[in-house]
Amino acid sequence: MASVLPIDSEAGSFGRTLQQAIFDMCNSTGQTGRAARTRYPNAGQGSHCLIVALLCAASLFQFTPKAWGQCSARDVLQNQLKLGKVRAAALPQGLIRSARDVPTWKTIAVGTFANSMALRNALDEVGCSIGGLAAQVLARPAFTISSSRTKVELAMVSAVELGFGTDRVALAVIYARAQQLGFELAAAEVGPQLRLQYFDQPMGEFLIVGMKPIKTWNGEQVILNVANGGAGLILIGQDGRDDAEIPVTSRFVFMRSPELSDAIDTAVALLPP
């Protein structure tokens, strides 16, 4: 079951900005055309606003780069239809006793950008939305980029599969159990890199990146969430305090240690054909 979390205030800000621009221009047009309407009362009062709205819409589609649609709701849905079905997440059955028992969910590349600004620009170029808290995380000095290109293996697990029986559990407790079982906290870079490399994310899926929180400008501790809430692909931030209460149905993305991955590969190689 995919967990649904509230997204922060910046999601969809582009649409609101366009709406405000149209409103402002319509209002301005109404002021300048008031005298004309006094002389010609039969003139359509909404014609100016309609023209402005049409021009704005036309310019939006004309100058939007082709790559923009990769994260839009329409293109995400089309991508999933091309696949034939929405993929179900490969989660293990029952309680997890060791990270060795959990298959690698996804392998992604990190260290592919020179700095955080280049990574942020890449998200903008493909139209992936970034929430307000997430944007602050990417701009903080604590958010670092790997100095060399490498691949990391990710595992996806739910809090309930880690063995918790209550409805909610503190974030620090979830982290402690995951690390006890052999998972590792992900580098902060994993969140935006996963967003860039996971265009076919099922609708309604919210993945909490198991990472150390990064403080925003006003001191809030924030972790990242890679989400598809139905309005397109987005990277958002959420409460990363130790005592933050997390629903046990929430899904986390943790990293595998290189040693664990090598051990699993060796064990698989030794299996009889």
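Is K212 buried or exposed? With a relative accessibility of 64%, K212 counts as exposed, because the cut-off for that class is over 50%. The structure described here is a predicted model, and the sections below begin with K212 before turning to the parts around it.

## K212 and its surroundings

K212 sits in the loop between β6 (205-209) and β7 (214-215). If neighbours within four places in sequence are left aside, the residues in contact with K212 are L185 and I223. A further pair worth finding in the structure is K212 and G240, which are 28 residues apart in sequence, while their C-alpha atoms are 7.9 Å apart in space.

## Strand β6, a covered strand

The loop that holds K212 follows on from β6 in the interval between β6 and β7, and β6 itself makes a useful contrast with K212. Five of the five residues of β6 are buried, so this strand is largely enclosed by the rest of the structure. In a regular strand the side chains alternate between the two faces of the sheet. In β6 both faces are covered, since E205, L207 and V209 on one side are buried, as are F206 and I208 on the other.

Strand β6 has pairing partners that run in opposite senses relative to it: β6 pairs with β8 in the antiparallel sense over four bridges, whereas three bridges join β6 to the parallel strand β11 (residues 251-256). Individual residues show how these pairings are arranged, for L207 has V226 as its bridge partner in β8, and I208 has F252 as its bridge partner in β11.

## Strands β8, β9 and β2

V226, the partner of L207 in β8, also has a bridge partner in β9, namely L235. Strand β8 (residues 221-228) and β9 pair in the antiparallel sense over seven bridges, and together they form a hairpin with four residues between them. In the turn of this hairpin lies G230, which has a positive phi of about 110°.

How many of the seven residues of β9 are buried? Six of them are, so β9 is largely enclosed by the rest of the structure. Strand β9 also pairs with β2, here in the parallel sense and over two bridges, and within this pairing the bridge partner of S129 is I234 in β9.

## Helices α5 and α6

In helix α5 (residues 116-125), the residues L119, A122 and L123 are buried. They cover an arc of only 100° around the axis, which puts them on the same side of α5. The face turned away from this buried side carries M117 and E125, which are exposed. The buried residues of α5 pack against β2 (129-130), α6 (132-139), α8 (190-196) and β9 (233-239).

The ends of α5 can be examined as well. At its start, a side-chain oxygen of N115 reaches to within 3.2 Å of the backbone nitrogen of M117, and after the helix comes G127, whose phi is positive, near 80°.

Helix α6 is mostly covered, with six of its eight residues buried; these are G132, L133, A134, A135, V137 and L138. What covers the buried residues of α6 includes α5, together with the strands β2, β7, β8 and β9.

## The disulfide

A disulfide is a covalent bond between the sulfur atoms of two cysteines. The count in this model comes to one disulfide, formed by C71 and C128, whose sulfur atoms are 1.9 Å apart. C71 lies in the loop between α3 (47-63) and α4 (73-83), and C128 lies in the loop between α5 and β2, so the pair ties together parts that are 57 residues apart in sequence. C71 counts as buried, at 2% relative accessibility, and C128 is also buried, with a relative accessible area of 3%.

## The nonpolar core

The largest nonpolar core has 59 residues, and those with the most contacts inside it are L154, L162, F183 and F252. F252 has already appeared as the bridge partner of I208. When residues up to four places away in sequence are not counted, L154 touches T104, W105, K106, I108, V190, L194, V253, F254 and M255.

Key
Residues are numbered from 1 along each chain as its sequence is written. This is a predicted model: local features need pLDDT of at least 70, side-chain atom pairs count only at pLDDT 80 or more; totals for chains, interfaces and linings use all residues. Side-chain values use heavy atoms; hydrogens and water are left out. Buried means under 20% relative accessible area, exposed over 50%, partly exposed in between (1.4 Å probe, protein chains only). The arc is that of the directions from the helix axis to the C-beta atoms. Contact means heavy atoms within 4.5 Å. A polar contact is a pair of N or O atoms within 3.5 Å; within protein, one must be able to donate a hydrogen and the other to accept it, and residues adjacent in sequence count only if both atoms are side-chain atoms. A disulfide is a pair of cysteine sulfur atoms within 2.5 Å. Two strands pair if DSSP finds at least two bridges between them. A nonpolar core is a set of buried Ala, Val, Leu, Ile, Met, Phe, Trp, Tyr and Cys residues joined through side-chain atoms within 4.5 Å.
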